[in-house]
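Let's take a walk through this model, starting with how the strands line up and then turning to the charged pairs.

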Amino acid sequence: MAVPAIKHGQLVTLHDLHPISPFFKQGSSIRVTGKLQEYNVETAIAIIADGNAILKIDTQHLRDLSFRIDSAYQFIGELLIQPDNEAILQARVGRNVDGIDLNLYKQSLQLLRRFQAERIENST
């Protein structure tokens, strides 16, 4: 019996996660980065933000990760979309990325997307 492969987490910003976005799909594997706004120990739900965009993160499967409000975190996991279009990331990987420059990170992501689009365009 073949074991299903774990998908890589596609790089997305929190601003990319809205109902008409191609990244906003049930079960899609994504990687997001943001500052921790809230963490509830009882429910293991974290809320990260990037400007006015927020995302709930279910951290119940993460071990050995301590949470500090206003620290930057990066999570990889699967997106679960509720009937009311609220998204929750079921995290399988999480790490503190306090040393990251979030503005520079976003700029590099834009450049990466532009490069990938040009490669696709040139290959056709």
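Strands here are DSSP runs of E, at least two residues each, numbered from the N terminus. Keep in mind that this is a predicted model.

## Strand E2 and its partners

With that in hand, look at E2 and E3: they form a hairpin with four residues between them. Ala44 sits in the turn and has a positive phi of about 60°. The two strands pair in the antiparallel sense over five bridges, and one of the matches is Asn40 with Ile45 in E3.

E2 (residues 29–40) also pairs with E1 (residues 10–11), this time parallel, through two bridges. Then there's E5 (residues 72–81), which runs antiparallel to E2 and is joined to it by seven bridges. Ile30 is a handy landmark: it is the bridge partner of Gln10, and it stands opposite Gly77 in E5.

## Salt bridges

The structure holds five salt bridges. One of them pairs Asp50 with Lys106 at 3.0 Å, N to O. Asp50 is in strand E3 and Lys106 in helix H1 (residues 102–123), so the pair links parts of the chain 56 residues apart. Asp50 counts as buried, because its relative accessibility of 11% falls under the 20% cut-off. Lys106, at 24%, is partly exposed.

Another joins Glu86 to Lys56, with the closest N and O atoms 3.2 Å apart. Glu86 lies in the loop between E5 and E6, Lys56 in strand E4, 30 residues apart. Glu86 is partly exposed at 30% relative accessibility, and Lys56 is partly exposed at 30% too.

Technical notes: Residues are numbered from 1 along each chain as its sequence is written. This is a predicted model: local features need pLDDT of at least 70, side-chain atom pairs count only at pLDDT 80 or more; totals for chains, interfaces and linings use all residues. Side-chain values use heavy atoms; hydrogens and water are left out. Two strands pair if DSSP finds at least two bridges between them. A salt bridge is a side-chain nitrogen of Lys or Arg within 4 Å of a carboxyl oxygen of Asp or Glu. Buried means under 20% relative accessible area, exposed over 50%, partly exposed in between (1.4 Å probe, protein chains only).
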